[in-house]
Amino acid sequence: GGTDTQATSAAPVSNNDGRVQFLKDFGWEVTTSPKESSQVRIPEQVTEVFDRYNQLQKSQGYDLTSYAGKNVMRHVYQINNYPGATDPVYATLLVYKNKVIGGAVYTYSVEGFMYGLRPLEEQPKS
């Protein structure tokens, strides 16, 4: 019935397919099974590291300060179409109550980086 579609549109990231689609909407092709899914706690005490991370979130319209002290889900996916990538590039989604509340695109390589989730065509070309 029509109720199912209602529920999914209201909670697009409640399941793995929804999260993969969310990233796809930005232009990212990811390995559909997450590399990692874990629960993380948004710190109540704002540290310098957290503040830096939250600046990145604010730059893309998110703000984690309102979730201080809350447990949120963190899902990590490997991006397969990052331009010029030589090392694995990952996308993280922070999800609270089936809503994306933050995220980042990053790599662990030596000249590692971390960006917002901005669309593929807006990514810096190497």
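This is a guided tour of one protein chain, stop by stop, with a selection to make at each stop.

**Whole chain**

Start with everything shown. The model is predicted. Colour by secondary structure: the protein chain has three helices and five strands. Trace the chain along its sequence and the pattern reads α-α-β-α-β-β-β-β. Now colour by burial. Of the 126 residues in the protein chain, 37% are buried. Turn on the surface. About 7,400 Å² is exposed, and carbon and sulfur atoms supply 50% of that area. A contact map is worth a look too. Among contacts in the protein chain with a separation of 6 or more, 59% join residues 24 or more positions apart.

**The largest nonpolar core**

Select Leu23, Trp28, Ile79 and Val105. These residues have the most contacts inside the largest nonpolar core, which has 18 residues. Which elements give two or more residues to this core? They are helix 2 (16-25), strand 2 (71-79), strand 3 (89-96) and strand 4 (99-107). Strand 3 gives the most, with four residues.

Apart from this core lies another one, of eight residues. Select Ile42, Phe50, Val72 and Leu94 to see some of its members.

Now go back to the largest core and centre on Ile79. Setting aside residues up to four places away in sequence, Ile79 touches Trp28, Glu29 and Val30. Ile79 also touches Val89, Tyr90, Ala91 and Val105.

**Helix 2**

Select residues 16-25, which form helix 2. Begin at the N-terminal end, where Asn15 acts as the cap. A side-chain oxygen of Asn15 lies 3.3 Å from the backbone nitrogen of Asp17. Next, pick out the buried residues of helix 2: Gly18, Arg19, Val20, Phe22 and Leu23. What do these buried residues pack against? Strand 2, strand 3 and strand 4. Step past the helix to Gly27. The phi of Gly27 is positive, near 105 degrees.

**His75 in strand 2**

Move to His75, which sits in strand 2. Is His75 buried or exposed? His75 has a relative accessible area of 6%, below the 20% cut-off, so it counts as buried. Show its side chain together with Ser37. The side chains of His75 and Ser37 are joined by a polar contact of 2.8 Å. Then expand the selection to the contacts of His75, leaving out neighbours within four places in sequence. Arg19 of helix 2 is one of them. The others are Glu36, Ser37, Ala91, Thr92, Leu93 and Val95.

**Helix 3**

Select residues 48-59. This is helix 3, with twelve residues. From first C-alpha to last, helix 3 reaches 17 Å, close to the 16 Å expected at 1.5 Å a residue. Show Phe50, Asn54, Leu56 and Gln57, which are buried. Look down the axis. These four cover an arc of only 150 degrees, so they lie on the same side of helix 3. Rotate to the face turned away from that buried side. There you find the exposed residues Glu48, Arg52 and Ser59. Turn back to the buried residues of helix 3: they pack against strand 4 and strand 5 (114-115). Just after the helix comes Gly61, with a positive phi of about 90 degrees.

**Gly103 in strand 4**

Centre on Gly103, in strand 4. Its relative accessibility is 0%, so Gly103 counts as buried. Draw a distance to Thr92. The two C-alpha atoms are 5.1 Å apart, although the residues are eleven places apart along the chain. Which residues does Gly103 touch, not counting those up to four places away in sequence? The set is Tyr53, Gln57, Gln60, Tyr62, Thr92, Leu93 and Leu117. Gln57 is one of the buried residues of helix 3. Thr92 and Leu93 also appear among the contacts of His75.

**Thr107 in strand 4**

Last stop: Thr107, also found in strand 4. With a relative accessible area of 9%, Thr107 is buried. Show its side chain and the backbone of Ser109. A polar atom of the Thr107 side chain lies 3.2 Å from the backbone nitrogen of Ser109. Finish by expanding to its contacts beyond four places in sequence. Thr107 touches Asp87, Pro88 and Val89, and also Gly112 and Phe113. Val89 links this stop to an earlier one, as Ile79 touches it too.

Definitions and conventions
Residues are numbered from 1 along each chain as its sequence is written. This is a predicted model: local features need pLDDT of at least 70, side-chain atom pairs count only at pLDDT 80 or more; totals for chains, interfaces and linings use all residues. Side-chain values use heavy atoms; hydrogens and water are left out. A nonpolar core is a set of buried Ala, Val, Leu, Ile, Met, Phe, Trp, Tyr and Cys residues joined through side-chain atoms within 4.5 Å. Buried means under 20% relative accessible area, exposed over 50%, partly exposed in between (1.4 Å probe, protein chains only). Contact means heavy atoms within 4.5 Å. Accessible areas come from the Shrake-Rupley method with a 1.4 Å probe; for residues, only the protein chains shown count as cover. A polar contact is a pair of N or O atoms within 3.5 Å; within protein, one must be able to donate a hydrogen and the other to accept it, and residues adjacent in sequence count only if both atoms are side-chain atoms. The expected span of a helix is 1.5 Å times one less than its number of residues. The arc is that of the directions from the helix axis to the C-beta atoms.
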